[in-house]
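Reader: I'd like to go through this one piece by piece, with the reasoning spelled out. Shall we pull it up?

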Amino acid sequence: MWGWRSPRTIAVSAAGAAFVLFCVLPLAFMVVTSIIHPSARSTLSVWLDSRQRGLLLNTALLGGGTALAATALGVPLGVAFARVTLPFKPGLRILLAAPALIPSYVMGLAWLSLAQSPWMSSLPSAVTVLTVALYPLSMLTAEAAARGVEPRLEEGASLVAPPGRVLRRITAPLIGPHVLAAALIVFVLAISDFGVPALLRVPVFTTEIFTAFAALYDPARATTLTIPLLLLTLLITLVSVSLISDRMIVRRRRLAGRHLGLGRWRGPALTLMIGTASIGLGLPMTALLSEVRGVSSWTELLQGSGQAILNSLTLAAVGATLVSGLALALGYARSRARRSVAVALDALFVALFAVPGTVVGVALIELWNQPTVVGALYGTDAMFVLVYLARFTPLAALILAAGFRRVPPSQEEAAAVSGAGWLATMAVIVVPQLKRDWTVVWIIVFTLAFGELGASVLVTPPGESTLPVRIYTLIANAPRPHVAALALLQATVVLAPLALIALILGMRREQ
Amino acid sequence: MPPLLQLLQVTKNFGRHFAVQAFSLEVEHGESVALLGPSGCGKTTVLRLIAGLEEPDAGEIWIAGRRVANAGGNVVPAYQRGVGLVFQDLALWPHLTVRGNLAFVVASTSTAKHQRTERIDDALRRCQVDLRLADRYPHELSGGEQQRVALARALVGTPRLLMLDEPFSSLDHELKVALRTELVALRTQMQLTMIYVTHDQADAEVVVDRTVTMREQRSA
């Protein structure tokens with residue numbers, strides 16, 4: 001089936017080429033350009049001046065603080081989901097995961113509305129807001145890891161030791177690598193974030209890149225500044241992936257650990273969950289709602305931002321469709337690859353997803369802003385779609401690969417033996433089994449694309465805008481209620497698909 | 001003296017599936033009993049109920065004259081029942097060495113710290129595990145070595161009841177016979193009270209004093 005001219009080889013090769021073009025080439029081109037550019041040597045000094053050392057410290061503190069706090073909050077929640085019998089668990093999980101999908105700058109705006117004090121423009125407050133935005137990653141990882149622990153291992157221990165000791169000595173070491181990997185990814189996502197530090201005026205690398213590019217009109221300096229951030233991101237991501245190897249995505253197991261007698265933790269676990277959901281989601285959304293009451297003219301608001309809203313909806317839908325199509329072929333290739341190749345692809349996907357939006361923005365401008373025919377796309381709305389392809393294809397491929405792994409290769413072999421071609425096998429046998437995964441991926445990519453700011457703010461063509469870019473530009477020169485209304489709209493559009501995902505997962509459970 | 005183990009009309013359902021229905025069993029001190037029966041008849045569930053890993057829906061379980069479980073649930077938690085269990089898949093803790101696996105069990109007993117090493121070595125020797133393997137991790141051992149370590153781990157806590165859930169099912173015939181012989185010798189030497197789950201009649205006849213045959217359970 002892997003012959004040179006087989007449909008499978010052609011499809012996977014085409015997807016691979018597209019992946020390289022959209023996701024890998026811009027970054028590689030930027031790195032090479034920054035090295036060979038005539039001004040590179042002079043701009044290399046920007047890495048070493050005292051301002052950069054300060055930025056480095058701020059960036060490290062932002063990442064480290066967020067990773068620690070998100071782990072401290074997320075891991076107990078995840079372990080509770082995996083080990084304690086709780087009412088309304090799916091609903092609680094969705095509520096607690098929701099902050100991860102709401103754009104971080106919306107969270108930042110909401111917290112600014114909540115606590116209108118000078119303290120908000122500080123590193124600790126940026127850490128707090130990013131913790132609220134990123135703890136779901138630690139939570140979901142810890143839950144998946146705890147569910148992945150073979151129940152017999154805990155059962156064997158529970159014959160000789162009380163629940164607390166079993167959790168400490170058996171469960172914790174087994175989920176430890178996953179928790180550490182998640183903490184490292186949170187670190188990377190925190191140092192990659194642009195919206196929160198920009199909003200709270202905390203100078204870090206991402207804001208400095210934006211300033212160099214958009215305010216100082218110094219692309220060479222901006223490009224040079226991306227390199228340490230890019231290398232740090234890639235390095236940490238690779239370490240985190242190596243910690244969990246090919247166990248990145250584990251299958252759900254039945255609720256293990258019932259025998260551990262954690263029933264008495266039900267009350268505290270529920271309290272922690274409801275408290276976290278209230279602070280992480282309820283409080284910020286309520287703050288935005290209370291600000292929105294001050295909107296003087298909805299007509300004026302919609303007239304000013306209607307086009308940006310429409311652009312965002314359209315472009316996010318186009319981006320989600322292209323990304324999920326490309327990711328389908330990539331996910332298939334990853335799921336059927338040899339173990340070593342699969343691990344390498346996982347690492348590449350995670351690393352590319354973690355690359356900061358501002359870095360991706362600079363890289364896309366470097367590649368597509370050319371005087372030749374290549375530059376035809378530059379200055380058009382297609383740049384937004386290129387941003388979505390570059391940023392979200394790796395994540396989508398990773399999720400779909402997990403879906404493909406549920407379909408045993410023997411099913412394809414059985415179809416092949418029956419005389420079916422590969423395309424027919426995919427269309428009739430394999431892909432139909434993944435239609436829910438595919439739908440979920442589309443919704444996730446749409447949600448992320450709809451909230452994308454870091455790269456979009458750099459590639460936005462003159463006279464065009466998306467909703468996140470519109471919100472970001474209005475922050476400084478529009479009434480607060482107007483900004484809050486747009487931010488709330490942003491959050492609503494994100495939360496609605498989340499409710500749809502909950503519905504899909506609920507249907508799956510019923511089946 | 002009451003029997004070491006009593007199961008009185010114990011029932012366990014998983015949803016609409018009757019795993020165990022009104023099952024009774026008595027095991028005397030020093031006796032070894034085999035639970036025989038086809039797959040799905042509830043043999044493993046009986047072991048899990050005795051160990052405290054499942055709760056009965058009806059009936060009572062008594063160990064050494066103490067009621068440990070009834071229809072209301074487990075009265076005595078698993079770790080206080082003094083039961084050792086060798087799982088079918090062994091369930092050796094992969095992040096701990098052989099010594100670490102046994103040390104976790106010994107640390108849960110009242111053994112003085114300076115005696116723990118001696119006790120671990122003794123258990124390994126009894127189960128014919130080469131002490132040079134003590135610092136290896138489970139995945140670095142052969143199937144037979146893993147089997148012996150699992151047995152040593154179950155014995156090092158000096159349980160009053162040792163239970164084995166088809167422990168040799170994944171081994172080739174020669175190794176199975178060798179380990180079975182070692183188990184019989186160990187049982188005699190240590191005067192173990194034992195429940196041995198198998199679906200192999202010949203296997204049971206070699207290892208135990210008495211066999212109890214379970215029937216296939218049905219769904220509601």
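Reader: Which residue does B:L162 stand opposite in β9(B)?

Author: Bear in mind that this is a predicted model. β8(B) and β9(B), the latter covering residues 194–198, pair in the parallel sense over four bridges. Within that pairing, the residue opposite B:L162 is B:M194.

Reader: What is the handedness of the β-α-β crossover from β8(B) to β9(B)?

Author: The chain leaves β8(B), passes through α5(B) and arrives at β9(B). Handedness here means the sense of the path when the strands point away from the viewer, and clockwise counts as right-handed. For this crossover, the result is right-handed.

Reader: What's on the β7(B) side, and which residue is the bridge partner of B:V86 in β8(B)?

Author: β7(B) also pairs with β8(B) in the parallel sense, over four bridges. The bridge partner of B:V86 there is B:L164.

Reader: Which residues of β8(B) point the other way from B:L161, B:M163 and B:D165?

Author: In a regular strand, side chains alternate between the two faces of the sheet. β8(B) is mostly covered, with five of its five residues buried. B:L161, B:M163 and B:D165 point one way, and the ones pointing the other way are B:L162 and B:L164.

Reader: How far apart are the end C-alpha atoms of α4(B), and what span should its 13 residues give?

Author: α4(B) runs over residues 143–155, and at 1.5 Å a residue it should span 18 Å. That agrees with the distance in the model, where the end C-alpha atoms are apart by 19 Å.

Reader: Is α4(B) mostly covered or mostly open, and what do its buried residues pack against?

Author: Ten of the 13 residues of α4(B) are buried, so by the cut-off of 20 or more other C-beta atoms within 10 Å the helix is mostly covered. Those buried residues include B:V149, B:L151 and B:L155. They pack against β7, α2, α3, β8 and α5 of chain B.

Reader: Over to chain A: which helix gives the most to the largest nonpolar core?

Author: That core has 237 residues, and A:L364 is among those with the most contacts inside it. Leaving aside neighbours within four places in sequence, A:L364 is in contact with residues including A:M383, A:L386, A:V387 and A:A390. With 17 residues in the core, the helix that gives the most is α16 (382–405) of chain A.

Reader: And which element gives the most to the side of chain A that touches chain B?

Author: The contact takes 17 residues from chain A and 17 residues from chain B. On the chain A side, α7 (151–158) and α8 (163–192) each supply at least two residues. The one giving the most, with six residues, is α7(A).

Definitions and conventions
Residues are numbered from 1 along each chain as its sequence is written. Chains are lettered from A and ligands numbered from 1 in the order in which they are written. This is a predicted model: local features need pLDDT of at least 70, side-chain atom pairs count only at pLDDT 80 or more; totals for chains, interfaces and linings use all residues. Two residues are in contact if their C-beta atoms, placed from the backbone, lie within 7 Å. A nonpolar core is a set of buried Ala, Val, Leu, Ile, Met, Phe, Trp, Tyr and Cys residues joined through C-beta atoms within 7 Å. A residue is buried if 20 or more other C-beta atoms lie within 10 Å of its own, exposed if 12 or fewer, and partly exposed in between; C-beta atoms are placed from the backbone. The expected span of a helix is 1.5 Å times one less than its number of residues. Two strands pair if DSSP finds at least two bridges between them.
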